[in-house]
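Please open the structure in your viewer and keep the sequence panel beside it. This tour moves from one selection to the next and says what is to be found at each stop.

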Amino acid sequence: MSSKSWISRLSRHPLRRAALPAIALGIVALQPVIAVPSAWAQDDKMTPIAIPAQPDAIPLNTGPLPGATNKESWHSQYGSVFARNVTEATLTPFLPDPAKANGTAVVVTPGGGFRTLSMENEGWDVARALAAKGVAAFVLKYRLNQTPADMPAFERSMAEMFSGVARRPRMDPERAMEDIAPQIADARAAFALIRSRAAEWHVDPQRIGMVGFSAGAMLTLATALKGQDAKPAFIGDIYGPLSPVTVPADAPPMFVALAADDPFFANGGFGLIDSWKKAGKPVEFHLYEQGGHGFGMYQKSTTSTGWFDAFTRWMDMHGWLKPKG
C-alpha cells in the first residue's frame with residue numbers, strides 16, 4: 001500500500017472511525033487498496049500492466065502455491081507498481097558498489113495483505129536506498145493468497161472483505177503466524193540462498209537482517225520468531241501489527257516505525273514493544289504524529305518520511321554500516 005492510498009486518506013477523514021476500525025492483528029488488517037470515489041486523485045486507479053522484466057530475480061524453488069489457479073499479474077497505482085497472485089517466490093539482489101560494501105545484507109519484504117505486493121514503494125526503492133549505504137539488499141517476492149484474476153472482480157472482493165472488518169474477532173499472533181507458513185518458508189529460503197552465495201555477494205552470513213512493511217512486517221516478525229534456521233541478525237517492523245508476543249532467548253534487535261494516525265495498528269497498544277523490552281532485547285520505536293498507513297518511501301510532508309534515515313542511523317549505531325573488524 002502507499003501513503004496515498006484510500007487507507008491513508010480515510011485515516012484523516014472525519015468518518016474514519018466508522019469506516020476503518022483499528023484491528024490489533026490479523027491478515028484482514030493488511031489488505032491492499034480497493035476502488036475509491038472518482039473525486040479523489042486519478043492515480044488512485046488500479047491499471048493492469050504487463051509483468052515487468054525482472055532479469056535479476058532468482059527463483060527460490062519453494063514450489064508453486066498449493067491450489068493456485070490464477071496466474072501472477074501486475075498493476076500500476078499512485079505512480080508505483082504492484083504484483084498479485086504470486087505463486088512462485090523469487091529474490092532480487094540489489095548489490096552495492098564493491099568499494100562501499102560493508103558486508104551487511106537486508107531482506108526487504110513488501111506489504112499488501114498477503115494479497116498483493118507493493119514491489120516499488122516498499123521493495124525496489126527501499127533496496128536501492130540500502131545499497132547506496134553499502135548494504136546488499138534483496139527484495140523478497142513471496143507467494144500470495146489468490147485473488148480474482150480480473151481487476152473489477154478483485155476490487156469487488158476487497159470491498160466485500162472490508163465490509164466485514166468490524167465484525168472480525170481479534171486474532172491471536174501465534175495463530176496468525178501459522179496461517180502464513182508458505183510465506184515463512186519463502187523467507188527461510190531467501191536467507192539460505194543469501195548465505196549460500198555470501199562470498200560471491202560479499203555478505204557476512206551473520207549480518208543478514210530483514211525489514212518489512214505492513215504484511216511484510218508481519219512476515220518479518222514471524223521469520224524472527226518462527227523462521228527456524230533463518231535467524232535474522234536484526235529486524236525492521238514498519239507499520240506492522242504490534243500485538244504482544246512470546247520473545248525467544250535469541251530474538252534479534254528490532255526497529256519499529258508507526259504513524260499515530262495509522263488506521264489499523266495505532267490504537268491497539270504497543271504490546272510488541274513491551275514484549276521485547278521485558279525480554280531484555282534491544283528495541284527502538286518511532287511513533288510519528290502523522291503518516292497514515294503505507295507511507296513507505298513516498299516523500300511526504302510528514303515526519304514519517306524520516307523513518308529510513310532513522311532506520312539506517314540505528315543500523316549504524318549497532319555497527320552494521322561499518323565493515324566488520
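The stops below go from the whole chain to a sheet, then to single residues.

**Stop 1: the whole chain**

Begin with everything selected, and bear in mind that this is a predicted model. The chain averages a pLDDT of 86, and 83% of the residues score at least 70. If you colour by confidence, look at residues 1–42, where pLDDT stays under 50, although the model has 130 contacts there beyond four places in sequence. Switching to a cartoon view, you can follow 10 helices and 12 strands. Of the 325 residues in the chain, 58% count as buried, while the surface that the chain exposes comes to about 13,300 Å², with carbon and sulfur atoms supplying 53% of it. Among contacts with a separation of 6 or more, 78% are between residues 24 or more positions apart.

**Stop 2: an open sheet**

Next, select strands S1, S3, S4 and S7, which form an open sheet in that order, with antiparallel pairing. Which strands stand at the edges? They are S1 (47–49) and S7 (116–117), and because each has a single partner strand, one side of each is left without a neighbour in the sheet.

Walk across the sheet from S1, which is joined to S3 by 3 bridges; here threonine 47 stands opposite serine 76 in S3. Strand S3 (residues 73–77) is mostly covered, since 4 of its 5 residues are buried. The step from S3 to S4 has 5 bridges, again in the antiparallel sense, and serine 73 has arginine 84 in S4 as its bridge partner. These two strands form a hairpin with 2 residues between them, and tyrosine 78 in the turn has a positive phi of about 55°. Finally, 2 bridges join S4 (residues 80–84) to S7, where the bridge partner of arginine 84 is threonine 116.

**Stop 3: glutamine 77**

Stay in strand S3 and select glutamine 77. Is this residue buried or exposed? Glutamine 77 has 1% relative accessibility, so it counts as buried, the cut-off being under 20%. Show its side chain, which reaches the backbone oxygen of aspartate 44 at 2.5 Å and also makes a polar contact, at 3.2 Å, with the side chain of tyrosine 78.

**Stop 4: the largest nonpolar core**

In soluble globular proteins, nonpolar side chains tend to be buried together. The largest nonpolar core in this model has 86 residues, and those touching the most other members are Leu130, Trp276, Trp307 and Met315. Select methionine 315 and leave aside its neighbours within four places in sequence: the residues in contact with it are then Thr104, Val106, Leu130, Val135, Phe234, Trp320 and Leu321.

**Stop 5: lysine 231**

For the last selection, go to lysine 231, in the loop between helix H8 (215–226) and strand S10 (235–238). Lysine 231 counts as partly exposed because its relative accessibility is 49%. Leaving aside neighbours within four places in sequence, lysine 231 is in contact with Arg195 and Asp250, and its side chain makes a polar contact of 2.9 Å with the side chain of aspartate 250. Now add glutamine 206 to the selection: this residue and lysine 231 are 25 residues apart in sequence and 9.0 Å apart in space, C-alpha to C-alpha.

Conventions: Residues are numbered from 1 along each chain as its sequence is written. This is a predicted model: local features need pLDDT of at least 70, side-chain atom pairs count only at pLDDT 80 or more; totals for chains, interfaces and linings use all residues. Side-chain values use heavy atoms; hydrogens and water are left out. Two strands pair if DSSP finds at least two bridges between them. pLDDT is the predictor's confidence in each residue, from 0 to 100. Contact means heavy atoms within 4.5 Å. A nonpolar core is a set of buried Ala, Val, Leu, Ile, Met, Phe, Trp, Tyr and Cys residues joined through side-chain atoms within 4.5 Å. Buried means under 20% relative accessible area, exposed over 50%, partly exposed in between (1.4 Å probe, protein chains only). Accessible areas come from the Shrake-Rupley method with a 1.4 Å probe; for residues, only the protein chains shown count as cover. A polar contact is a pair of N or O atoms within 3.5 Å; within protein, one must be able to donate a hydrogen and the other to accept it, and residues adjacent in sequence count only if both atoms are side-chain atoms.
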